[in-house]
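I opened this entry to look up the cysteines and their bonding. The notes below follow the order in which I checked them.

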Amino acid sequence: MSKFGGSLFGLNLLLTVLLGAATAAAEYYNYGNALDKTFLFFEAQRSGKLPAAQRVKWRSHSGLADGLAQGVSLEGGYYDAGDHVKFGLPMAFAVTMLSWAAVDNQKELSGSNQMQQTLWSIRWGTDYFIKAHPQPNVLWGQVGDGKSDHYCWERAEDMTTSRTAYKLDQYHPGSDLAGETAAALAAASLAFKPYNSSYSAILLTHAKELFSFADKYRGLYTDSIPNAKAFYMSSGYSDELLWAAAWLHRATGDEYYLKYAVNNAGYMGGTGWGMKEFSWDNKYAGVQVLLSKILLEGKGGAYTSTLKQYQMKADYFACACLKKNGGYNIQTTPGGLMYVREWNNLQYASAAAFLLAIYSDYLSAANAKLNCPDGSVPPQALLDFSRSQADYILGKNRQGMSYLVGYGPKYPIRVHHRGASIPSIFIQRSTVNCVQGYDSWYRRAQADPNVIYGALVGGPDQNDYYSDDRTNYEQTEPTLSGTAPLVGLFAKLSGKLGSYGGGYSKPYQTPKPPVSDSHFLSHSSTTSAYKATTTYTPKQSGAPIEFLHSITANWMAWNTRYYRHKVIIKNNSQKPISGLKLKIEDLTGPIWGLNPTGQKNTYQLPQWQKTLKAGQAYDFVYVQGGPQAKVSVLSYY
């Protein structure tokens, strides 16, 4: 019985309190409103001749001659971020994310009358990709010179910078870019199939050709298009080949593509890498979740064994996000935001949140649970995490700021975006040249004259601090790849919880700040890898600081056995210890939970754990083959 004793007065009071809380929180929880705004960002990023139905009225036609100097029409597509380069890799990833939303969130998008907007957003990209793929083994991968573009601050309608186009062919391969574009077109073919079967078939034909091109002529696209290296450097192409094969299998049902993903699972890292990142550059977690769907639907057949390995890595990613991965967890800010990198961190949070929302649906449909090293959890826990990231983005954070521009009472008003920061060409008709833009508009302290609705900015730092400064591009610049996953995420949440969600259910609980971790850690496929195998206590009698060392996992990789070492530091004294510095010798692998001091073999506790209270313990982890490292105390006070 409640403290109101079940009285009518108590019930009415409780309802009043709940309704008041929901009203106060509504500004941060209206997922339907947030979804609608994300489409406006894609309209603001359009290149080419704009349609009559264009809703972002401060934009006009631009880039109409793209590619013509090289004998091909490359009009259309999307500008990448706050600049005017059309980078192929992040654009293709964004289209894949939009298409995945259209396929797996069809019910929610149709129910909110947003499917048409979703398909328009996809098609603005796919029409461009069709133009960029004029021959089976040719793909135009970029338009615009990133270096000259970034030296200028001007509107897209005034562009004076180079519009050089860069292509891939059999002599200049790019398996990552061609593979991602194939994945985008295959996913888009699924999205359009119920509405425009002929267009869907065209997309699928291009997807198949691009996959063959990517697989037959292998190489990094940044080796063939060096201009992209400073902006979207690729870390590899194996994940994109698996990613494209997975999408082509789903789009065609052709066993050839599934067999490709299975046969190359180990060689290409699909069943080897356990990830804590999903992004325009790293698709492994997406591949693993997508292929897990086949297994969960009971359609694995002869490939079940390998698909189970894929699912184990999908579980690794999900468990890491939920902080239930045996210590190998994601890093979060004190406010609960997934933190991967300093530059444009929100793109990683939005992608992870969308991916876990998708995986939650796959597990729910199979009536399955997520099995983590720290215990099994229901699919709802994944969706709770996704919602926690969405709510953070929409304003439930220490700054009280929505990082989706134009949403809520407080949002960024000095966005690192050329078009948003300079008055529309319909207002100031005179040309704003390269240098004038920097002098007159880039450095001005006033708010942007054009609100770029639906743009997800780079976001706060690891301590939840955000500086709304146009020159602070790491935090204030929006990107296609960051905003695109929000479509599926907001659609799912608006359908699951209604336009106003979260006011009544228990919020995702954020634990204390975790240790930093690697994004490319390989793990054993056996459950015993998660169990402690050895424990001993090397300590000196009466020492105020005690080290408890254990091996909590081991696995084979490249003919070497690796061990996960966990070291607990315990303050056995009767007073607090601060400024602890440790000497760690014979360390040959990565370490998490300690910060290097800059001195050889010397480490210290992270900023948030400067002091160990009497009796308090703190642990760190390292991985290496061979003998354990030697840990000793250098100093403290």
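I took the S-S torsion of cysteine 319 and cysteine 372 first; the value is about -90°, so this disulfide is left-handed. The model is predicted. I read the sulfur atoms of cysteine 319 and cysteine 372 as 2.1 Å apart. I then placed the two residues: cysteine 319 lies in helix H13 (residues 304–321) and cysteine 372 in strand S7 (residues 370–372), so the pair links distant parts of the chain, 53 residues apart. I noted that cysteine 319 and cysteine 372 are both buried.

Next I looked up cysteine 152 and cysteine 434, which form a disulfide with their sulfur atoms 2.0 Å apart. The torsion about their S-S bond is about -95°, so I recorded this disulfide as left-handed. I found cysteine 152 in the loop between helix H6 (146–150) and strand S3 (165–168), and cysteine 434 in helix H17 (residues 434–442). This pair also links distant parts of the chain, with the two positions 282 residues apart in numbering. Cysteine 152 and cysteine 434 are both buried.

I counted 2 disulfides. With the bonded cysteines numbered in sequence order, I wrote the pairing as 1-4, 2-3.

Why does cysteine 321 have no bond to cysteine 319? I read its sulfur as 9.3 Å from that of cysteine 319, the closest cysteine sulfur, which is too far for a bond; the cut-off is within 2.5 Å. I also checked its exposure: cysteine 321 is buried, with a relative accessible area of 1%.

Terms used: Residues are numbered from 1 along each chain as its sequence is written. This is a predicted model: local features need pLDDT of at least 70, side-chain atom pairs count only at pLDDT 80 or more; totals for chains, interfaces and linings use all residues. Side-chain values use heavy atoms; hydrogens and water are left out. Helices (H or I, at least four residues) and strands (E, at least two) are DSSP runs, numbered from the N terminus. Buried means under 20% relative accessible area, exposed over 50%, partly exposed in between (1.4 Å probe, protein chains only).
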